[in-house]
Amino acid sequence: MLDVAVQREAGWPDLDWDELGAKAAAAAVAQTPFGELADADAVIEIAVRLTDDDEVHQLNSQYRQKDKPTNVLSFPMIEPDLIEALTQNSDDGEVILGDIVLAFGICAAEAEEKGISVGDHATHLIVHGVLHLLGYDHQGDSEAEAMESMERAALETLGIPDPYLIRED
């Protein structure tokens with residue numbers, strides 16, 4: 001079972017973030033070989049923090065040595081190749097997959113630029129973050145294409161259009 005806890009700081013719109021986070025995480029996991037995690041006996045925990053650009057800037061600088069804010073950061077707690085073993089052998093039935101942190105200012109600006117709601121864009125960023133927690137990355141072209149394909153498929157199940165289409169206004 002997936003358990004997504006969302007902590008929202010001031011500034012973020014008043015939405016049902018717990019439901020949005022849970023649906024985004026489940027949709028992301030369903031696109032991977034870890035799809036059965038949603039039905040596992042163990043509780044797979046993911047924390048999502050909705051905060052401001054300054055906090056994300058600080059985290060990005062501290063953990064990635066990049067002196068700027070970014071839209072989403074992911075902090076995996078376990079190696080992806082250990083996830084299945086941990087879910088089957090967890091002492092207390094709980095496995096902490098990791099944390100995802102979103103920056104409001106950047107998320108809102110990107111949503112406006114794309115002509116979509118902050119909620120839809122945040123959903124995309126949570127899907128993206130969950131895939132990072134599961135070991136997916138976008139360093140090379142083939143990795144990026146594979147990850148974007150999973151993101152598109154996850155978002156489609158949630159009724160959110162392809163975030164990588166170029167808008168022509």
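Select helix α1 and then show its surroundings: the elements that cover its buried residues include β1, β2, α5 and α6. The buried residues of α1 themselves are W17, L20, G21, A24, A25, A27, A28 and V29, and these are worth displaying as sticks while the model, which is a predicted one, is still in this orientation. A check on the helix geometry can be made here too, because at 1.5 Å a residue the 14 residues of α1 should span 20 Å, and the end C-alpha atoms are 20 Å apart, which agrees.

Stay on α1 and pick A30, which is found in this helix. With a relative accessibility of 49%, A30 counts as partly exposed, because that value falls short of the exposed class, which starts over 50%. Add A154 to the selection and draw the C-alpha to C-alpha distance: the two residues are 7.5 Å apart in space, although 124 residues separate A30 and A154 in sequence.

Now colour the whole chain by secondary structure. Six helices and four strands appear, and along the sequence they follow the pattern β-α-β-α-β-α-β-α-α-α. Of the contacts in the chain with a separation of 6 or more, 69% are between residues 24 or more positions apart. Of the 169 residues, 39% count as buried, while the accessible surface comes to about 9,100 Å², with 47% of it belonging to carbon and sulfur atoms.

Next, select the largest nonpolar core, which has 39 residues and in which W12, I46, V48, I100, L102 and V130 have the most contacts. Two or more residues of this core are given by each of β1 (2–8), α1 (17–30), β2 (43–51), β4 (94–103), α4 (104–114), α5 (118–133) and α6 (141–157). The largest share, eight residues, comes from α5. Centre the view on V48 and list its neighbours: leaving aside residues up to four places away in sequence, V48 touches V4, A5, V6, Q7, I100, L102 and I126. Apart from this core lies another, of six residues, among them V56, L59, V101 and A103.

Which residues make up the aromatic cluster to look at next? Select W12, W17 and F104, which form one cluster. The structure holds three aromatic pairs, and in one of them the rings of W12 and F104 have their centres 5.1 Å apart and their planes at 65°, so the pair is edge-to-face. This pair links distant parts of the chain, with W12 in the loop between β1 and α1 and F104 in helix α4, 92 residues apart. The two partners can also be compared by accessibility: W12 counts as buried at 4%, whereas F104 counts as partly exposed at 23%.

Move on to Y63 and F75, whose ring centres are 5.3 Å apart and whose planes stand at 70°, so this pair is edge-to-face. Y63 sits in helix α2 (residues 53–64) and F75 in strand β3 (residues 72–76), twelve residues apart.

Finally, recolour by confidence. The mean pLDDT of the chain is 89, and 88% of the residues reach 70 or more. Which helix has the lowest confidence? Select residues 83–89, helix α3, where the mean is 60, and then α5, where confidence is highest, at 97. Where pLDDT is low, the predicted coordinates should not be read in detail.

Methods
Residues numbered from 1 in each chain as written. Predicted model: local features only at pLDDT ≥ 70, side-chain atom pairs only at ≥ 80, totals over all residues. Heavy atoms only, no water. Buried < 20%, exposed > 50% of the residue type's maximum accessible area, 1.4 Å probe, protein only. Contact = heavy atoms within 4.5 Å. Areas by Shrake-Rupley, 256 points an atom, 1.4 Å probe, with all protein chains shown as cover. Core = buried A, V, L, I, M, F, W, Y, C linked by side-chain atoms within 4.5 Å. pLDDT = per-residue confidence, 0-100. Phe/Tyr/Trp six-rings, centres within 6.5 Å; stacked < 30°, edge-to-face > 60°. Expected span 1.5 Å × (residues − 1).
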